[in-house]
Amino acid sequence: MEFLAVAAMILLLFALQNTLYKKYAFRNLEYHCTLSTSQACEGDEIELIEEIRNKKWLPLPWFKTEITTSRWLDFAGAQSVVTDQNRFVPSFFMVRSHQRVVRRWKVRCLKRGEFSIEQVVLVSTDLLGFSSLSRAGESGARILVLPRPLEEGELSVSPRYLTGDIMVRRQLVPDPFYISGVREYTGREPMNLIHWNATAREQQLMVFQNDYTTRQSVTVLLNMQSQQYEQHEVVRRDEIENAIRVCAGVFDTTLRTGMPLRFLCNGTVEEKSRQSIATAEYWGREHVEGLLQILARLQLHSTEDFAVYLQNVYADVTSTDIVIVTAYLSRELLDFAARKEQEGAHVKFLASAPLLGDLDWSGFDVAVVTAEKEGEA
(Lines give C-alpha, C1' and ligand atoms only; values in the text may rest on other atoms or scores of the structure.)
Protein backbone atom coordinates (compact mmCIF):
# COMPACT_ATOMS: atom_id res chain seq x y z
CA MET A 1 0.00 0.00 0.00
CA GLU A 2 2.80 2.41 0.83
CA PHE A 3 4.42 1.70 -2.52
CA LEU A 4 1.18 2.46 -4.32
CA ALA A 5 0.77 5.66 -2.33
CA VAL A 6 4.30 6.80 -3.24
CA ALA A 7 3.70 5.92 -6.90
CA ALA A 8 0.43 7.83 -6.89
CA MET A 9 2.16 10.83 -5.30
CA ILE A 10 4.90 10.74 -7.95
CA LEU A 11 2.35 10.54 -10.74
CA LEU A 12 0.45 13.43 -9.19
CA LEU A 13 3.59 15.56 -8.95
CA PHE A 14 4.50 14.70 -12.51
CA ALA A 15 1.05 15.65 -13.75
CA LEU A 16 1.13 18.87 -11.69
CA GLN A 17 4.51 20.07 -13.00
CA ASN A 18 3.52 19.08 -16.52
CA THR A 19 0.34 21.15 -16.21
CA LEU A 20 2.25 24.08 -14.73
CA TYR A 21 4.78 24.19 -17.56
CA LYS A 22 2.14 23.81 -20.26
CA LYS A 23 0.25 26.74 -18.79
CA TYR A 24 3.03 29.04 -17.57
CA ALA A 25 6.23 28.19 -19.52
CA PHE A 26 5.87 31.13 -21.94
CA ARG A 27 3.94 33.43 -19.64
CA ASN A 28 5.88 36.59 -18.62
CA LEU A 29 8.68 35.47 -20.90
CA GLU A 30 10.25 38.01 -23.26
CA TYR A 31 12.52 37.14 -26.17
CA HIS A 32 14.26 39.59 -28.50
CA CYS A 33 16.55 38.83 -31.43
CA THR A 34 18.41 41.80 -32.95
CA LEU A 35 21.41 42.54 -35.16
CA SER A 36 24.14 44.96 -34.05
CA THR A 37 23.83 47.00 -37.26
CA SER A 38 21.43 47.46 -40.14
CA GLN A 39 24.15 47.82 -42.80
CA ALA A 40 27.51 46.13 -43.34
CA CYS A 41 29.90 45.19 -46.13
CA GLU A 42 30.84 41.80 -47.58
CA GLY A 43 33.29 40.10 -45.24
CA ASP A 44 32.35 42.22 -42.20
CA GLU A 45 31.71 40.59 -38.85
CA ILE A 46 28.62 41.72 -36.95
CA GLU A 47 26.72 40.45 -33.89
CA LEU A 48 23.37 38.76 -33.48
CA ILE A 49 22.04 39.39 -29.98
CA GLU A 50 19.54 37.10 -28.26
CA GLU A 51 17.94 38.36 -25.05
CA ILE A 52 15.61 36.35 -22.80
CA ARG A 53 13.80 37.78 -19.76
CA ASN A 54 12.02 35.33 -17.47
CA LYS A 55 9.77 37.50 -15.28
CA LYS A 56 8.16 34.70 -13.22
CA TRP A 57 9.14 32.32 -10.44
CA LEU A 58 8.96 29.24 -12.69
CA PRO A 59 12.47 28.37 -14.01
CA LEU A 60 13.13 27.01 -17.49
CA PRO A 61 15.87 24.40 -17.09
CA TRP A 62 15.78 23.42 -20.75
CA PHE A 63 15.05 26.16 -23.27
CA LYS A 64 15.98 26.26 -26.95
CA THR A 65 15.65 28.76 -29.80
CA GLU A 66 15.72 27.71 -33.45
CA ILE A 67 16.76 30.57 -35.74
CA THR A 68 16.12 30.52 -39.49
CA THR A 69 18.11 32.97 -41.58
CA SER A 70 20.06 33.22 -44.85
CA ARG A 71 22.91 30.83 -45.55
CA TRP A 72 25.06 33.87 -46.34
CA LEU A 73 25.13 34.87 -42.65
CA ASP A 74 27.75 32.56 -41.12
CA PHE A 75 27.45 32.00 -37.36
CA ALA A 76 30.85 31.45 -35.78
CA GLY A 77 31.04 28.33 -33.62
CA ALA A 78 27.44 27.28 -34.29
CA GLN A 79 26.52 23.76 -35.32
CA SER A 80 24.14 25.08 -37.93
CA VAL A 81 22.38 23.22 -40.71
CA VAL A 82 22.64 24.75 -44.20
CA THR A 83 20.16 24.10 -47.00
CA ASP A 84 19.94 25.64 -50.47
CA GLN A 85 19.37 29.23 -49.30
CA ASN A 86 18.68 28.97 -45.55
CA ARG A 87 20.65 28.37 -42.39
CA PHE A 88 19.14 26.84 -39.21
CA VAL A 89 20.90 27.73 -35.96
CA PRO A 90 19.92 26.09 -32.62
CA SER A 91 20.67 27.89 -29.36
CA PHE A 92 20.30 26.32 -25.88
CA PHE A 93 19.69 28.11 -22.56
CA MET A 94 19.04 27.39 -18.92
CA VAL A 95 16.94 30.24 -17.51
CA ARG A 96 16.32 30.60 -13.80
CA SER A 97 13.37 32.42 -12.29
CA HIS A 98 13.47 36.23 -12.67
CA GLN A 99 16.64 36.09 -14.76
CA ARG A 100 17.84 37.95 -17.84
CA VAL A 101 20.10 36.06 -20.25
CA VAL A 102 21.94 37.68 -23.18
CA ARG A 103 23.83 35.72 -25.83
CA ARG A 104 25.92 37.31 -28.61
CA TRP A 105 26.72 35.45 -31.80
CA LYS A 106 29.58 36.48 -34.09
CA VAL A 107 28.14 36.57 -37.60
CA ARG A 108 30.16 37.02 -40.80
CA CYS A 109 28.48 38.48 -43.89
CA LEU A 110 29.53 36.23 -46.77
CA LYS A 111 27.70 37.86 -49.65
CA ARG A 112 26.05 41.13 -50.67
CA GLY A 113 22.28 41.31 -50.42
CA GLU A 114 19.40 42.09 -48.07
CA PHE A 115 18.97 39.43 -45.39
CA SER A 116 16.76 38.95 -42.35
CA ILE A 117 16.11 36.72 -39.37
CA GLU A 118 13.24 35.01 -41.11
CA GLN A 119 11.86 32.94 -38.23
CA VAL A 120 12.54 32.13 -34.59
CA VAL A 121 10.90 29.17 -32.80
CA LEU A 122 11.02 29.03 -28.99
CA VAL A 123 11.04 25.51 -27.55
CA SER A 124 10.75 24.46 -23.92
CA THR A 125 9.83 21.34 -21.90
CA ASP A 126 8.72 20.41 -18.45
CA LEU A 127 11.25 19.42 -15.76
CA LEU A 128 11.48 15.82 -16.96
CA GLY A 129 11.51 16.59 -20.68
CA PHE A 130 8.40 14.60 -21.51
CA SER A 131 6.37 17.46 -23.02
CA SER A 132 7.68 19.67 -25.83
CA LEU A 133 6.24 23.17 -25.89
CA SER A 134 6.84 25.69 -28.67
CA ARG A 135 5.76 29.05 -29.98
CA ALA A 136 6.99 31.65 -32.48
CA GLY A 137 9.49 34.22 -31.25
CA GLU A 138 10.26 37.74 -32.37
CA SER A 139 11.94 37.82 -35.80
CA GLY A 140 12.36 40.18 -38.73
CA ALA A 141 15.69 41.84 -37.91
CA ARG A 142 17.20 42.90 -41.24
CA ILE A 143 20.62 43.80 -42.59
CA LEU A 144 21.74 45.20 -45.93
CA VAL A 145 25.15 43.84 -46.96
CA LEU A 146 26.94 46.12 -49.42
CA PRO A 147 29.23 44.64 -52.08
CA ARG A 148 32.93 44.68 -51.29
CA PRO A 149 34.71 47.31 -53.42
CA LEU A 150 37.93 46.31 -55.10
CA GLU A 151 41.06 46.94 -53.07
CA GLU A 152 43.23 50.02 -53.57
CA GLY A 153 45.31 49.63 -56.72
CA GLU A 154 43.07 47.03 -58.36
CA LEU A 155 41.07 49.67 -60.20
CA SER A 156 41.63 53.30 -61.07
CA VAL A 157 39.27 55.76 -62.75
CA SER A 158 41.02 59.10 -62.46
CA PRO A 159 40.36 62.60 -63.83
CA ARG A 160 42.20 63.27 -67.07
CA TYR A 161 42.93 66.86 -66.10
CA LEU A 162 43.79 68.26 -62.69
CA THR A 163 41.33 71.15 -63.08
CA GLY A 164 38.36 68.84 -63.51
CA ASP A 165 37.32 70.61 -66.75
CA ILE A 166 38.09 69.54 -70.32
CA MET A 167 37.82 71.37 -73.65
CA VAL A 168 34.99 70.43 -76.01
CA ARG A 169 34.08 71.43 -79.55
CA ARG A 170 31.04 73.49 -78.66
CA GLN A 171 29.04 74.58 -75.65
CA LEU A 172 26.37 77.19 -75.09
CA VAL A 173 28.67 79.71 -73.38
CA PRO A 174 32.49 79.95 -73.67
CA ASP A 175 34.51 79.58 -70.48
CA PRO A 176 36.09 82.95 -69.54
CA PHE A 177 38.85 81.22 -67.58
CA TYR A 178 40.16 79.25 -70.58
CA ILE A 179 42.05 81.47 -73.05
CA SER A 180 43.50 79.82 -76.14
CA GLY A 181 44.75 82.96 -77.96
CA VAL A 182 43.62 86.25 -79.52
CA ARG A 183 41.56 87.20 -82.56
CA GLU A 184 40.27 90.29 -84.33
CA TYR A 185 37.51 92.33 -82.75
CA THR A 186 34.19 91.80 -84.56
CA GLY A 187 32.12 94.42 -82.76
CA ARG A 188 30.05 91.90 -80.77
CA GLU A 189 32.51 91.30 -77.95
CA PRO A 190 32.29 93.22 -74.62
CA MET A 191 35.02 95.74 -73.86
CA ASN A 192 36.48 93.63 -71.02
CA LEU A 193 37.61 91.03 -73.60
CA ILE A 194 39.87 93.47 -75.48
CA HIS A 195 43.54 92.45 -75.36
CA TRP A 196 45.23 95.86 -75.19
CA ASN A 197 48.81 94.64 -75.63
CA ALA A 198 47.87 92.70 -78.76
CA THR A 199 45.85 95.71 -79.99
CA ALA A 200 48.89 97.98 -79.69
CA ARG A 201 51.11 95.42 -81.38
CA GLU A 202 48.75 94.73 -84.31
CA GLN A 203 47.47 98.31 -84.62
CA GLN A 204 43.87 97.06 -84.58
CA LEU A 205 41.44 95.95 -81.93
CA MET A 206 42.15 92.39 -80.75
CA VAL A 207 40.18 90.33 -78.21
CA PHE A 208 40.81 87.23 -76.12
CA GLN A 209 39.81 83.88 -77.66
CA ASN A 210 38.01 81.66 -75.10
CA ASP A 211 37.51 77.92 -75.39
CA TYR A 212 34.39 75.96 -74.59
CA THR A 213 34.80 73.61 -71.64
CA THR A 214 32.74 71.17 -69.67
CA ARG A 215 33.18 69.62 -66.24
CA GLN A 216 34.21 65.98 -66.12
CA SER A 217 31.56 63.49 -65.06
CA VAL A 218 31.23 59.70 -65.07
CA THR A 219 28.43 57.38 -66.14
CA VAL A 220 28.79 53.75 -65.06
CA LEU A 221 26.87 51.22 -67.19
CA LEU A 222 26.48 47.77 -65.66
CA ASN A 223 25.55 44.83 -67.88
CA MET A 224 23.53 42.28 -65.89
CA GLN A 225 23.85 39.64 -68.63
CA SER A 226 26.63 37.13 -68.03
CA GLN A 227 26.74 36.13 -71.71
CA GLN A 228 25.56 37.63 -74.98
CA TYR A 229 22.55 35.38 -75.49
CA GLU A 230 20.77 35.01 -72.18
CA GLN A 231 17.11 35.05 -71.18
CA HIS A 232 16.61 37.29 -68.14
CA GLU A 233 17.96 34.92 -65.45
CA VAL A 234 21.73 35.15 -65.00
CA VAL A 235 23.53 31.94 -65.99
CA ARG A 236 27.06 32.65 -64.73
CA ARG A 237 26.24 34.18 -61.36
CA ASP A 238 29.83 34.45 -60.15
CA GLU A 239 30.69 36.64 -63.14
CA ILE A 240 27.90 39.10 -62.37
CA GLU A 241 28.75 39.17 -58.67
CA ASN A 242 32.29 40.05 -59.74
CA ALA A 243 30.93 42.79 -62.03
CA ILE A 244 28.97 44.25 -59.12
CA ARG A 245 32.17 44.39 -57.03
CA VAL A 246 33.89 46.13 -59.95
CA CYS A 247 31.12 48.77 -59.96
CA ALA A 248 31.54 49.25 -56.22
CA GLY A 249 35.24 49.85 -56.82
CA VAL A 250 34.48 52.46 -59.51
CA PHE A 251 32.06 54.25 -57.17
CA ASP A 252 34.67 54.29 -54.42
CA THR A 253 37.29 55.73 -56.80
CA THR A 254 35.04 58.52 -58.07
CA LEU A 255 34.25 59.45 -54.47
CA ARG A 256 37.95 60.16 -53.90
CA THR A 257 38.26 62.21 -57.11
CA GLY A 258 35.05 64.20 -56.53
CA MET A 259 33.66 63.63 -60.03
CA PRO A 260 29.86 63.67 -60.51
CA LEU A 261 28.59 60.13 -61.00
CA ARG A 262 25.59 58.49 -62.62
CA PHE A 263 24.61 54.79 -62.65
CA LEU A 264 22.66 52.97 -65.36
CA CYS A 265 21.88 49.26 -65.40
CA ASN A 266 19.67 46.80 -67.28
CA GLY A 267 18.79 45.27 -63.92
CA THR A 268 16.33 45.83 -61.10
CA VAL A 269 16.20 45.78 -57.30
CA GLU A 270 12.76 44.13 -57.21
CA GLU A 271 12.43 40.43 -57.82
CA LYS A 272 9.79 40.44 -60.57
CA SER A 273 10.17 43.99 -61.87
CA ARG A 274 11.20 44.88 -65.43
CA GLN A 275 12.07 48.48 -64.56
CA SER A 276 15.71 49.26 -65.35
CA ILE A 277 17.85 51.39 -63.06
CA ALA A 278 18.80 54.97 -63.89
CA THR A 279 20.00 57.41 -61.22
CA ALA A 280 20.54 61.14 -61.33
CA GLU A 281 24.05 62.56 -61.72
CA TYR A 282 25.43 63.72 -58.40
CA TRP A 283 28.50 63.48 -56.18
CA GLY A 284 29.38 63.06 -52.52
CA ARG A 285 29.45 60.32 -49.92
CA GLU A 286 25.68 60.06 -49.49
CA HIS A 287 25.19 59.65 -53.24
CA VAL A 288 27.84 56.92 -53.47
CA GLU A 289 26.39 55.12 -50.44
CA GLY A 290 22.97 55.18 -52.11
CA LEU A 291 24.48 53.63 -55.24
CA LEU A 292 26.14 50.90 -53.16
CA GLN A 293 22.76 50.15 -51.58
CA ILE A 294 21.31 49.73 -55.08
CA LEU A 295 24.13 47.31 -55.91
CA ALA A 296 23.40 45.36 -52.72
CA ARG A 297 19.75 44.91 -53.70
CA LEU A 298 20.32 44.04 -57.37
CA GLN A 299 18.49 40.90 -58.47
CA LEU A 300 20.35 38.38 -60.61
CA HIS A 301 18.34 38.87 -63.76
CA SER A 302 18.30 41.41 -66.59
CA THR A 303 15.38 43.56 -67.69
CA GLU A 304 16.34 43.57 -71.38
CA ASP A 305 19.15 42.68 -73.77
CA PHE A 306 22.13 44.95 -73.09
CA ALA A 307 22.64 45.86 -76.75
CA VAL A 308 19.01 47.01 -76.97
CA TYR A 309 19.37 48.80 -73.63
CA LEU A 310 22.38 50.77 -74.91
CA GLN A 311 20.37 51.96 -77.91
CA ASN A 312 17.52 53.08 -75.64
CA VAL A 313 19.73 55.09 -73.28
CA TYR A 314 22.19 56.40 -75.91
CA ALA A 315 20.89 59.97 -75.89
CA ASP A 316 20.77 60.08 -72.07
CA VAL A 317 24.47 59.24 -71.67
CA THR A 318 26.15 62.65 -71.86
CA SER A 319 29.06 62.29 -69.42
CA THR A 320 32.64 62.97 -70.44
CA ASP A 321 33.74 59.57 -69.10
CA ILE A 322 31.78 56.35 -69.61
CA VAL A 323 32.65 53.12 -67.79
CA ILE A 324 30.99 49.95 -69.09
CA VAL A 325 31.22 47.01 -66.70
CA THR A 326 30.43 43.77 -68.50
CA ALA A 327 31.22 40.07 -68.44
CA TYR A 328 31.64 39.93 -72.24
CA LEU A 329 32.22 42.13 -75.29
CA SER A 330 30.14 42.20 -78.46
CA ARG A 331 30.12 44.14 -81.71
CA GLU A 332 27.16 46.22 -80.48
CA LEU A 333 29.04 47.27 -77.34
CA LEU A 334 32.11 48.29 -79.34
CA ASP A 335 29.95 50.25 -81.82
CA PHE A 336 28.35 52.12 -78.91
CA ALA A 337 31.81 53.01 -77.57
CA ALA A 338 33.07 54.11 -81.00
CA ARG A 339 30.12 56.46 -81.52
CA LYS A 340 30.51 58.00 -78.07
CA GLU A 341 34.24 58.53 -78.55
CA GLN A 342 33.53 60.30 -81.86
CA GLU A 343 31.39 62.70 -79.83
CA GLY A 344 34.30 63.43 -77.48
CA ALA A 345 33.60 61.06 -74.59
CA HIS A 346 36.15 58.64 -73.19
CA VAL A 347 34.82 55.08 -72.95
CA LYS A 348 36.47 52.43 -70.79
CA PHE A 349 35.44 48.76 -70.65
CA LEU A 350 35.97 46.89 -67.40
CA ALA A 351 35.49 43.20 -68.09
CA SER A 352 34.63 41.12 -65.03
CA ALA A 353 35.67 37.88 -66.74
CA PRO A 354 38.44 36.82 -69.12
CA LEU A 355 37.43 37.83 -72.64
CA LEU A 356 36.74 35.00 -75.05
CA GLY A 357 36.24 34.85 -78.78
CA ASP A 358 38.00 36.44 -81.76
CA LEU A 359 36.38 39.91 -81.51
CA ASP A 360 38.93 42.64 -82.29
CA TRP A 361 38.86 45.11 -79.39
CA SER A 362 42.49 46.23 -79.71
CA GLY A 363 41.50 49.82 -80.55
CA PHE A 364 39.47 50.29 -77.37
CA ASP A 365 40.29 50.94 -73.72
CA VAL A 366 39.60 47.50 -72.23
CA ALA A 367 40.77 46.10 -68.90
CA VAL A 368 40.00 42.70 -67.37
CA VAL A 369 39.40 43.15 -63.65
CA THR A 370 38.93 40.15 -61.38
CA ALA A 371 38.14 40.18 -57.68
CA GLU A 372 38.75 37.42 -55.18
CA LYS A 373 35.61 35.48 -54.27
CA GLU A 374 34.36 35.43 -50.76
CA GLY A 375 34.35 31.98 -49.19
CA GLU A 376 31.04 30.20 -49.09
CA ALA A 377 29.67 28.36 -46.12
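**Aromatic pairs, cores and a helix in a predicted model**

Colleague: Does Tyr282 count as buried, partly exposed or exposed?

Modeller: In this predicted model, the relative accessible area of Tyr282 comes to 47%. Since buried requires a value under 20% and exposed one over 50%, neither of those two classes applies, and Tyr282 is therefore partly exposed.

Colleague: How are the rings of Tyr282 and Trp283 arranged relative to one another?

Modeller: A search of the whole structure finds 7 aromatic pairs. For Tyr282 and Trp283, the ring centres lie 4.8 Å apart and the planes meet at 20°. Trp283, with a relative accessibility of 49%, is partly exposed. Because planes under 30 degrees apart fall in one class, the arrangement of Tyr282 and Trp283 is stacked.

Colleague: Which helix holds both Phe306 and Tyr309?

Modeller: Phe306 and Tyr309 also form a stacked pair, with 6.1 Å from centre to centre and 25° between the planes. Phe306 is buried at a relative accessible area of 0%, and Tyr309 is likewise buried, at 3%. An α-helix has 3.6 residues a turn, so residues three or four places apart point the same way. Phe306 and Tyr309 are 3 residues apart, about one turn, and the element that holds both, spanning residues 306-313, is helix 5.

Colleague: Which residues have the most contacts inside the largest nonpolar core?

Modeller: In soluble globular proteins, nonpolar side chains tend to be buried together. Here the largest such core has 35 residues, and the strands that each supply at least two of them include strand 3 (45-54), strand 4 (60-70) and strand 12 (142-146). Another core, of 33 residues, lies apart from it and has Val250 and Leu298 among its members. Within the largest core, the residues with the most contacts are Leu48, Phe63, Phe75 and Ile143.

Colleague: What distance does helix 3 reach from its first C-alpha to its last?

Modeller: Helix 3 runs over residues 237-257 and has 21 residues, for which 30 Å is expected at 1.5 Å a residue. Just after this helix, Gly258 takes a positive phi of about 80°. The span reached by helix 3 is close to the expected one, at 31 Å.

Colleague: Over which ring does the charged end of Arg339 sit?

Modeller: There are two such placements to describe. The charged end of Arg103 sits over the ring of Phe93, 4.2 Å from its centre. For Arg339, the charged end is 3.9 Å from the centre of the ring over which it sits, that of Tyr314.

Terms used:
Residues numbered from 1 in each chain as written. Predicted model: local features only at pLDDT ≥ 70, side-chain atom pairs only at ≥ 80, totals over all residues. Heavy atoms only, no water. Helix = DSSP H or I, 4+ residues; strand = E, 2+ residues; numbered from the N terminus. Expected span 1.5 Å × (residues − 1). Core = buried A, V, L, I, M, F, W, Y, C linked by side-chain atoms within 4.5 Å. Buried < 20%, exposed > 50% of the residue type's maximum accessible area, 1.4 Å probe, protein only. Phe/Tyr/Trp six-rings, centres within 6.5 Å; stacked < 30°, edge-to-face > 60°. Lys NZ or Arg CZ within 6 Å of the ring centre and 35° of its normal.
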